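Colleague: I am new to this model. Please take one chain and walk me through it closely, then show me how it sits beside its neighbours.

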Amino acid sequence: MEIFGIPIQALFGQLLIGLINGSFYALLSLGLAVIFGLLNIINFTHGAQYMLGAFCSYLLLNKLGVGYWWSLLIAPIIVGASGMLIERLMLARLYKLDHLYGLLLTFGLALIIQGLFRNEFGSSGLPYRVPAELTGGQNLGFMFLPNYRGWVVVTSLVVCLVTWYVIERTKLGAYLRAATENPQLVQAFGINVPRMITLTYGFGVALAAFAGVMAAPIYQVNPLMGADLIIVVFAVVVIGGMGSIMGAIVTGFGLGIIEGLTKVFYPEASNTVIFIIMAIVLLVKPAGLFGTQK
Amino acid sequence: MSTSPLSANPASDGSRAQLIAFAVMVAVLLIAPIWVYPIFMMKVMCFALFACAFNLLIGFGGLLSFGHAMFLGSAGYVSAWCAKSLGLTPELSILAGTLAATLVAIVSGLLAIRRQGIYFAMITLALAQMIFFFCLQAPFTGGEDGIQAVPRGKLFSLIDLTSNTAMYGLVLVIFLGAFLLIWRIVHSPFGQVLKAVRENEARAISLGYDTDRYKLFAFILSGTLSGLAGATKALVFQLASLTDVHWTMSGEVVLMTLVGGLGTLFGPVVGAAVIISMQNYLAQFGAWVTVIQGVIFVICVLAFRRGIIGEIAHAIRKPL
Amino acid sequence: MKIRQVLRSSIAAAAVALAWPAAQAQISDGVIKIGVLSDMSSLYTDISGRGSELAARMAVEDFGAARKGMKVEIVSADHQNKPDVGSQIANQWYDVDKVDAIVDLPTSSVALAVNEITRKKGKALLVSGAATSDLTGKACSPNTIHWTYDTWMLANGTGNAIVKTGGDSWFFLTADYAFGHALERDTEAVVQKNGGKVLGKVRHPLNTQDFSSFLLQAQASKAKIVGLANAGGDTTNAIKQAAEFGIVRRGQNLAGLLVFISDVHSLGLQTAQGLIFTETFYWDMNDQTRAFAKRFAPANRGIQPTMVHAGVYSAVLHYLKAIESSKTDDGSKVIAEMKRLPTDDPLFGKGSIRADGRKIHPAYLVEVKKPAESKGPWDYHKIRATIPAEEAFRPMDQGGCPMVK
């Protein structure tokens, strides 16, 4: 059976691949949405921090013999901590100013981090093997799904939903959201707002690093792996609605699927389709699909 | 939008300091090619024009665009293609390139102006990325190769521009002309309204100004002049390539303007000269250039927001 | 009588005075300056990069320039794979820094740009890194020699060999830019000429991270061979992910059309085993290449020389020989002399340079060893066949080079 000249089996295969790619978009835009939605900072460094996560796991494996499973835990903590340092030392000074300065600062930091790593490691990719427990795959009939890719989808979904739940449905999340609306009032209630902000930034960064660790076995670990990806993720966040957590998750997965379909029918446009969609969404609903006019 | 600290100095009409600065700039541009490699000077002028055009939008209009490369690059491609494939004379090629940039500015402006602040920046970035991928795919741009061996041609079918001296003269005239145009715009009623919108948009609206129209117009103007820089640059280097539409180019023009001084007239010129010189000098060190640019960004944002000319203007308490 | 004598001696003196500069070597400002223009920080840094600079210096040393009283200087720069950066550096080198010849140039788009500039300024260009066969085709120039390899050689070497051993149905994964298109076009022609079929092709953007969707299409096509018309990171990515999706395990074979030993090294033999491709130099081929590698690798961070490095060495050596013999470093004249003299160096053996600027030498069909077959790091290739020099490169009359009409 065929749809538009593509056998339905192949179509399912592409949809699944799209879902897998969408997992990365979702994780990264979730991190960005958390940071922006709660802190009003555009974190241009997000792509570099994703790369740092991947490199962290590479270095952990090759210098300390620490494997993938531990890296999933350790790398986000290390990179998240570095993020918190950035927030404390640099970003915090810019809160009184126009938010665009935060964008410029994180842009500069991204240049520094990527440049330093390029100097040290060159631009060709470094190998990182799929963990032994996840090699091999399942024959699903319509395609052969490597186990690792299935793991990526499941984990991202879980992480995304847990994060969404924490922010939208728990007390901690409520404090966070209140703190961005009216920090002084919340501080008056005895809650340490600056610390919460720092931890939130660290969490968003940790999400990026987590995505990086997951990407290491399937994409090349190279210093520029986040550079072009970050712009796509920005587009995802704009489409989803810049402050909306659910928007980022849904759009991330959705866009992965759309991109996958484009690769089948018209692969040359697979890079541009997301920006075209962004332009359309902006015309029709400037606040984004799930966003509210702030 | 609340008062933006991105605004730097209040402008007054043609102060003496500005006239002196202009005279110095012209003198330097006339004399320098004797010692300094003319192609290097022309590169500086093209990027200075690009930065001045960018500054029009952010320094005087308060809108940060992160996608200005789309104007520089698309104008460059059209200009190069006209000169090479259509065999047009240089002034027509440059005109064609500039018009192409205007078109891009109109369309992207209509889409982007609806939002402000960070949203505006993000949208311009994404639109520029779309243009990048279009340039990557379109057959006439030559993809990764770019358009090479672009003939400089004869200006008005009379003056052969193959010699660097003749080309330098043309670039100088274009740069100074555009610079004076920007100067005039900034000091005109339009410029004043623009600054009012930047300082307090709500107030400007309440005074009856259609702020969206003013912002759109400033955006189109900025894009057009950026296109002029790009179209000229394509003839100087006889090459149009993907570098000019890549988002890192958008970042570079932000850096140049920031270093030189947002909202000053001469800041972008100085900023462009500094950054281009640095890139040239450090070219042999490869990736260190990126790191150093990042460091300059960070330092400027944290501690040096006024930029070079901004600091000087602040010290002498006169706008520059 | 005295006047006539004086006149004769003055004429004689004048003649000697006029002839004297001609007798001296006409080296511009007394220095032969060679510029190594390469990718020092990005995609191709291991294939060429600093290694090319090293190869050039070794050539100058082995030529014995110092002994012969010739002053040779080497400068280098990073073109970052961008035609505008490369053009700028070339212009500045030629106009301001008095560079006489530029060598290496990986990345076809930069090579083409510098080719034009070199022709305009009458200097010399020795290309080792770039692949585009247009350099000896429609863009051929009396100031350029194309060393090492090109897309036609790759397509014919690999394509021919694979089709003849039963790989007669192909699916192409092509990088969507000029080099990828050229490679796909040339290989498709070879496949069809040998009676094979192309079942499908898909274009992917340059620097693609994820090939899963394209590999799935390749699998669905059921072609025996999945041809990778790309290079660098794209090739290694595609090969890595092909292993993940079990492409080879499930009965298809990969044909890498442009693979270097550094790619094999970064993939590891486990993943890369069985890969077939064509190259013109391997460090472990004979005693002379091994001797070169022994000097080269320790000074190059342990990385063995690739064919690009070997090409730079060979080109610079021959360039200096040509200068010595023609006593000038004027670009067009030296290139002409280089074509006149037959080449001979320890890395490529004996060879020659054609009128269209194409350097001719044998090509080797190579297969990557299985991990068990390899005796240690960098022992990766086994040579399956040798393609003689006359057959390895495109016949001169088929290139469309205006100089050869």
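Modeller: Take chain C. A compact globule of 405 residues would have a radius of gyration near 22 Å; chain C has 23 Å, which agrees. Keep in mind that this is a predicted model. Along the principal axes, the C-alpha atoms of chain C fill a box of roughly 100 × 45 × 35 Å.

Now the secondary structure. Chain C holds 14 helices and 15 strands. Its contacts reach across the sequence. Count the contacts in chain C between residues at least 6 apart in sequence: 71% of them join residues at least 24 apart.

Next, burial and surface. Of the 405 residues in chain C, 62% are buried. The accessible surface of chain C is about 15,100 Å². Carbon and sulfur atoms own 55% of that surface. Then the charges. Chain C has 47 positive and 41 negative charges. The mean positions of the two sets are 4 Å apart.

Zoom in on one residue, C:Thr45. Find it in the loop between β1 (32-38) and α2 (49-63) of chain C. Is C:Thr45 buried or exposed? C:Thr45 has a relative accessible area of 12%, and buried means under 20%, so C:Thr45 is buried. What does C:Thr45 touch, not counting residues up to four places away in sequence? With those set aside, its partners are C:Asp39, C:Met40 and C:Arg50. For a sense of distance, look at C:Thr386. That residue is 341 residues from C:Thr45 along the chain. Their C-alpha atoms are separated by 28 Å.

Chain C also meets chain B. Here 21 residues of chain C are in contact with 17 residues of chain B. The area buried between these two chains is about 1,700 Å², and carbon and sulfur atoms give 52% of it. Which residues of chain C lose the most area to chain B? They are C:Asp84, C:Gln88 and C:Gln92, together 24% of what the chain C side buries.

Chain B has another partner, chain A. There, 43 residues of chain A are in contact with 39 residues of chain B. The area buried between chain A and chain B is about 4,000 Å². Carbon and sulfur atoms give 80% of that area. On the chain A side, A:Leu100, A:Tyr101 and A:Leu104 lose the most area to chain B. Together they account for 16% of what that side buries.

Chain A itself has 11 helices and four strands. A compact globule of 294 residues would have a radius of gyration near 19 Å; chain A has 19 Å, which agrees. Its C-alpha trace spans about 65 × 50 × 35 Å along the principal axes. Buried residues make up 61% of chain A. Its exposed area is about 11,500 Å², with 68% supplied by carbon and sulfur atoms. Chain A carries 14 positive and 10 negative side chains. The centres of those two sets lie 11 Å apart.

One residue of chain A rounds off the tour: A:Ser57, in helix α2 (residues 46-64). A:Ser57 is buried, with a relative accessible area of 0%. Leaving out residues up to four places away in sequence, A:Ser57 touches A:Ser71, A:Ala75, A:Tyr128, A:Val213 and A:Ala216.

Notes. Residues numbered from 1 in each chain as written. Chains lettered and ligands numbered in written order. Predicted model: local features only at pLDDT ≥ 70, side-chain atom pairs only at ≥ 80, totals over all residues. Heavy atoms only, no water. Helix = DSSP H or I, 4+ residues; strand = E, 2+ residues; numbered from the N terminus. Rg over C-alpha atoms; globule rule 2.2 N^0.38 Å. Buried < 20%, exposed > 50% of the residue type's maximum accessible area, 1.4 Å probe, protein only. Areas by Shrake-Rupley, 256 points an atom, 1.4 Å probe, with all protein chains shown as cover. Lys, Arg positive; Asp, Glu negative; His and termini not counted. Charge placed at Lys NZ, Arg CZ, Asp CG, Glu CD. Contact = heavy atoms within 4.5 Å. Buried area = accessible area lost by both parts, 1.4 Å probe.
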